[in-house]
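These are my notebook entries from an afternoon with one structure. I wrote down each thing I looked up, together with the cut-offs behind the words.

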Amino acid sequence: MAAAGSSPSIVEYFGGEDGYRCGYCRNETGNLSHGMWAHSMTVQDYQDLIDRGWRRSGKYVYKPIMNQTCCPQYTIRCQALHFQSSKSHKKVLKKMLKFISKGDVLKVASEEEPMDSQIEDVVACDFAYKSESLVSPSELTPLSVDHTERVENEDKDTGESKEEVNERTGESGSLQIPADKDAPVPGGPAPSAKAVHAPPKPGKGADLSKPPCRKAKDIRKERKLQKLLQNQTCTLEGSQRQTGDQVFLSQNSKSKTNQPKTIEDFIFVSLPDDAPHKLEVRLVRSSPPSSQFKATFQESYQVYKRYQMVIHKDPPDKPTINQFTRFLCDSPLEAENAPNGPECGYGSFHQQYWLDGKIIAVGVIDILPYCVSSVYLYYDPDYSFLSLGVYSALREIAFTRQLHEKAPDLCFYYMGFYIHSCPKMRYKGQYRPSDLLCPETYVWTPIEQCLPLLERSKYCRFNQDVKAVDEGRVKELGRVRVLHKRTVMPYSVYKKRRKGPSDEASVQQYASLVGQTCSERMLLFRS
């Protein structure tokens with residue numbers, strides 16, 4: 001869905017990098033990945049890349065070598081339109097609401113969830129430093145389309161197949177919020193008549209010879225329903241009509257009382273005028289930086305620095321402005337706007353959480369054609385008690401649903417990688433319904449079907465169809481687009497012009513990883 005006139009993606013492929021330290025199991029050389037430097041990238045190309053297991057850290061784009069790396073990292077996405085919040089999610093939302101509206105502070109054990117995995121991205125950030133491109137910008141500027149067509153025609157004259165680049169678009173979804181299926185049933189089943197229970201000792205549990213205890217809320221609901229039914233039957237005539245209306249009233253009352261609250265009910269609730277706190281979430285474009293982003297840069301950086309030092313125990317000289325900029329501000333994504341897209345446009349943004357006039361947290365996100373992709377979260381450690389990792393993830397899901405109203409194709413929330421072999425990183429699977437990406441065929445599979453497989457083996461092919469293959473695989477290597485000496489050409493032409501040893505194996509590997517579609521759209525830089 002690249003916007004008209006947008007420049008093509010330009011990447012340098014580095015191949016499979018040497019193993020480096022894993023942030024999960026601490027293996028010194030166990031983390032293996034493919035990497036490339038993205039000088040520029042369209043949002044559609046990046047959307048297609050993350051749907052093939054890639055992920056960015058700054059301008060560095062990497063893909064774990066899934067069957068070799070020590071801790072396989074599976075791309076995970078939440079179906080935001082169908083998201084069902086758990087009790088723990090609602091607990092975090094209520095905690096924030098009480099804090100803002102009443103000033104209540106419940107400093108309990110931290111339930112913090114990093115969004116995205118902080119260890120993973122810090123390692124990727126360090127890795128990106130040694131892989132940064134040193135290519136001059138002038139070498140990356142493609143010449144006019146006319147010149148490109150002339151090169152392609154040269155290939156055609158030698159008997160090669162005609163080179164064409166096909167643009168592809170996605171399909172739209174619709175908003176559906178399912179009802180709560182886990183509503184408690186008053187009373188519950190009576191104990192079996194055959195069971196014989198000895199009276200419990202004092203302080204050792206409930207007396208099972210007596211009816212089970214019931215919640216006061218359930219008793220009040222039942223009394224209210226009985227009273228409504230009693231009043232209703234006084235005006236009805238005939239036993240058949242009474243029975244029918246009783247059933248209808250009972251079902252209607254039950255559906256209203258059991259209707260679950262959505263995350264929006266907690267987030268966008270009206271607050272009293274005298275609320276002790278005010279929370280505001282501001283969306284600012286980080287690349288290219290907007291005026292709001294520039295005005296708040298220093299304050300945002302100071303929050304990041306404190307976060308890295310307190311939460312990750314970084315020494316004071318490590319979280320520098322330069323590191324912060326490269327890691328969380330620089331982005332290869334080109335800002336794009338489309339008639340059927342969100343008003344803010346597509347690209348890279350920071351969502352700033354302002355509490356009483358100061359930044360307490362920042363969620364780094366990418367807004368893409370089909371999703372909101374979470375990149376990182378950092379926050380003021382003084383507000384850890386608010387479980388800002390969980391809260392920001394829920395806000396980002398709500399934001400995805402909000403964007404969907406204007407951009408129908410945008411309906412998923414990507415949470416980065418799911419690492420089942422690391423118990424601390426399994427929390428992402430609690431955002432349901434979610435899907436994991438098959439590392440071999442690149443089809444999405446419900447996480448419920450994946451978990452039993454991951455319990456048996458840390459690396460899994462989720463697609464159980466043994467005959468299924470990668471539908472996006474490379475079929476014609478000669479159609480891969482190359483940028484060589486400021487000229488765009490198909491690889492078939494470049495291959496004939498190239499002097500020196502063949503690089504076909506490297507180009508073949510690159511094309512197989514990015515897929516045929518991206519390989520024909522993006523420009524692979526060759527020196």
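**Entry: E264**

I began by asking whether E264 is buried or exposed. At 19% relative accessibility E264 counts as buried, because buried means under 20% relative accessible area, whereas exposed means over 50% and partly exposed lies in between (1.4 Å probe, protein chains only). E264 is found in helix α8, residues 263–267; helices (H or I, at least four residues) and strands (E, at least two) are DSSP runs, numbered from the N terminus. Leaving aside its neighbours within four places in sequence, I found E264 in contact with V269, A398 and R401, where contact means heavy atoms within 4.5 Å.

I noted that this is a predicted model, in which local features need pLDDT of at least 70 and side-chain atom pairs count only at pLDDT 80 or more, while totals for chains, interfaces and linings use all residues. Residues are numbered from 1 along each chain as its sequence is written, and side-chain values use heavy atoms, with hydrogens and water left out.

**Entry: the chain as a whole**

I then looked up the totals, and the protein chain has 15 helices and 15 strands. Of its 527 residues, 49% count as buried. Among contacts between residues at least 6 apart in sequence, 72% join residues at least 24 apart. The chain exposes about 26,500 Å², of which carbon and sulfur atoms supply 51%; accessible areas come from the Shrake-Rupley method with a 1.4 Å probe, and for residues only the protein chains shown count as cover.

**Entry: helix α1 and its salt bridges**

How many of the residues of α1 are buried? I found that eight of its eight residues are, so that I could describe the helix as mostly covered. The buried residues of α1 include D45 and D48, and these two are linked with R521 in a network of salt bridges. A salt bridge is a side-chain nitrogen of Lys or Arg within 4 Å of a carboxyl oxygen of Asp or Glu, and the structure holds 17 of them.

Within that network I looked at D48 and R521, whose side chains meet in a salt bridge at 2.5 Å, N to O. The pair links distant parts of the chain, with D48 in helix α1 (residues 43–50) and R521 in helix α15 (residues 504–521), 473 residues apart. D48 and R521 are both buried.

I next checked D470, which forms a salt bridge with R52, the closest N and O atoms being 2.8 Å apart. Why does this pair tie together parts that are 418 residues apart in sequence? It does so because D470 lies in the loop between α13 (447–456) and β13 (481–484), while R52 lies in the loop between α1 and β3 (55–57). Both D470 and R52 are buried.

For another setting I turned to R21 and E28, whose side chains meet in a salt bridge at 3.3 Å, N to O. Here R21 is partly exposed, with a relative accessible area of 38%, and E28 is exposed, with 51%.

**Entry: a positive patch**

Which residues form the positive surface patch? I listed K94, K98, K102, K217, R220, K221 and K261. Patches are made of residues with over 30% relative accessible area and no salt bridge, like charges being joined within 9 Å. Lys and Arg count as positive, and the place of a charge is taken as NZ of Lys or CZ of Arg. Helices α2 (87–102) and α6 (216–233) each supply at least two residues of the patch. K94 lies in helix α2 and is partly exposed, with a relative accessible area of 43%.

**Entry: backbone exceptions**

Most residues other than glycine have a negative phi, and most peptide bonds are trans. I therefore wrote down the exceptions that I looked up.

A cis peptide bond joins S287 and P288, with omega about -5°, and P288 sits in the loop between β6 (279–287) and α9 (291–295). The bond from R432 to P433 is also cis, with omega near -5°, and P433 is in the loop between β10 (412–418) and β11 (434–437).

R26, in the loop between β1 (10–16) and β2 (33–40), has a positive phi near 70° and is partly exposed at 46% relative accessible area. R486 has a positive phi of about 60° although it is not a glycine; R486 lies in the loop between β13 and β14 (487–490) and is partly exposed at 37%.

Note on methods
Patches are made of residues with over 30% relative accessible area and no salt bridge: like charges are joined within 9 Å, nonpolar side chains (Val, Leu, Ile, Met, Phe, Trp, Tyr) within 5 Å.
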